[in-house]
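Please open the structure in a viewer and keep the selection panel at hand. The tour begins at the ligand and then moves on to the backbone.

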Amino acid sequence: MNDSKTYVTRPWLPPLSEFLPYLEEIWRNKTLTNNGPFHQRFEAALCEHLGVEHVSLFCNGTIALVTALQALGIEGEVITTPYSFVATVHSLVWNRIEPVFVDIDPHSCNLDPRAIEAAITPRTTAILPVHCYGTPCAVDEIQAVADRHGLRVLYDAAHAFGVRQHGRSLLAHGDMSVLSFHATKVFQTFEGGAVICRDARSKAQVDYLKNFGFANEVTVVATGINGKMSEVNAAFGLLQLEHVDQALALRAAVDARYREQLALVEGVHCLPRAPVDTDNHAYFPVLVTAGETVRDRVYAYLRQHGVFARRYFYPLISDFPMYRNLPSAAPERLPVARSVAQQILCLPIFPDLPLDKVDEICRLLALALESRHAA
Ligand code: T4K
């Protein structure tokens, strides 16, 4: 990739010299995978860092979602959001579960808790909300709906690493939460993910399922998959944990600079950050309020100038061919999600994005919005 280009994100990497001793240890002990020493140390370190009790590491967030749904025994229909990365909903279909889309809240871009209750049928077994961009869902309202109807709650927390609210980790809510440690995430292990479980029993269930269902050398207790994280990824994650707070602080500075610079640019609305104890600034989403045509011209204009902003999440998942014929995918049922998807643009944000580059992106954005480019 050419360095004159500015991508929506770039992974934060520690100095290579810091990683070499970890690799030397793996070379010495020759345990490459299957719950090795780095895997165990990384799970323990993550519990400590995140302030949760039970973490099960995975090869990626998608297999973690698929496995968490199995561990919770979810079937029938699950209420979820059309405004996410497609893996959220694919994970349901890989378990032969029918997704039921409901609309989002325009401020948080997360499931609108008022819309959930109306979508519940006798076949509904769970809710699969997403903490989109790391913004917390309405966790108390969602839990109240779930309790009233005896439903499970599985959070897709792929964007929510390290977010804390009301004195506790956001990941502590629901029956389980799933993280992604993909290269594009605030905390990454090249590929990777994790399931946060409420208790040791459900972690054991998840652990069996990600290891073919083996309970011991000769006993298979479930139709498991291979979802394990390798020692190289786990060792890298352990090292990354030492740097993540610094990386988040650098992201916060980029976020603040955008807000300052864009405050006076007409036609762009920065999505507000929810009040939290610790934010992670995973994305910098803005709305181009003139709508889809102008948004797409702004997107193209930025690209011409080497700025690769992304339209996360456009199109809606409910518009993809395998979902659009579901009754709940009907456009008139999802007006807020549709409107946000038509205006959304995620601007580059990553720890070593120079602040003068942020200024330049804001200038380009303002120029693009001038009528001669965007009208
Ligand atoms: N749930 C949610 C809500 C999610 O957002 C995701 C993943 C998942 C579940 C599933 O978790 P995983 O199974 O992925 O662990 C990216 C990521 O591939 C995906 O992980 C992520 N969400 C999604 C929002 O974004 P793309 O197709 O946009 O990625 P890509 O390859 O275009 O990368 C974007 C930019 O990042 C590139 O232009 C340059 C930069 N980049 C990317 C990679 C991969 C790098 O600089 N280095 C890299 O190695 O999907």
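**The ligand and its surroundings**

Select the ligand together with the 26 residues around it; Arg10, Thr62, Asp156, Ser180 and Tyr312 are the ones that come nearest. Bear in mind throughout that this is a predicted model.

Next, colour the shell by residue class. Eleven of its residues are nonpolar, eleven are polar and four are charged.

Now display the side chains that make polar contacts with the ligand. Begin with arginine 10, where an N or O atom of the side chain is 2.5 Å from an oxygen atom of the ligand. Turn then to aspartate 156: a polar atom of this side chain lies 2.7 Å from a nitrogen atom of the ligand. Add histidine 159, whose side chain places an N or O atom 2.8 Å from an oxygen atom of the ligand. With a surface switched on, consider how much of the ligand is covered: on its own the ligand has 920 Å² of accessible area, and the protein covers 79% of that.

**The pocket and the domains**

Keep the surface displayed and look for the largest pocket, which is where the ligand sits. Two elements give two or more residues to the shell around the ligand, namely helix H3 (61-71) and helix H4 (87-93).

Colour residues 16-239 as domain 1 and residues 244-374 as domain 2. Where does the ligand lie with respect to these domains? Both domains give residues to the shell, so the ligand lies between them.

**Backbone features in the loops**

Hide the surface and select the loop between strand E15 (307-308) and helix H10 (335-343), which holds phenylalanine 313. The peptide bond that leads from tyrosine 312 to phenylalanine 313 is cis, with omega near 15°. Tyrosine 312 is also one of the residues that come nearest to the ligand.

Proline 315 is likewise in the loop between E15 and H10. Inspect the peptide bond from tyrosine 314 to proline 315: this bond is cis, and its omega is near -5°.

Finally, move to the loop between helix H1 (16-29) and helix H2 (37-50) and select asparagine 34. Asparagine 34 is a residue other than glycine with a positive phi, near 65°.

Terms used
Residues numbered from 1 in each chain as written. Predicted model: local features only at pLDDT ≥ 70, side-chain atom pairs only at ≥ 80, totals over all residues. Heavy atoms only, no water. Near = heavy atom within 4 Å. Polar contact = N/O pair within 3.5 Å; in protein donor to acceptor, adjacent residues only side chain to side chain. Areas by Shrake-Rupley, 256 points an atom, 1.4 Å probe, with all protein chains shown as cover. 1 Å grid on protein atoms, 1.4 Å probe; cavity = no way out; pocket = protein on both sides within 12 Å on 5 of 7 lines; lining within 4 Å. Sits in = over half its atoms within 2 Å of the grid points. Helix = DSSP H or I, 4+ residues; strand = E, 2+ residues; numbered from the N terminus. Nonpolar A, V, L, I, M, F, W, Y, C, P; charged D, E, K, R; others polar. Domains from an automatic or database assignment.
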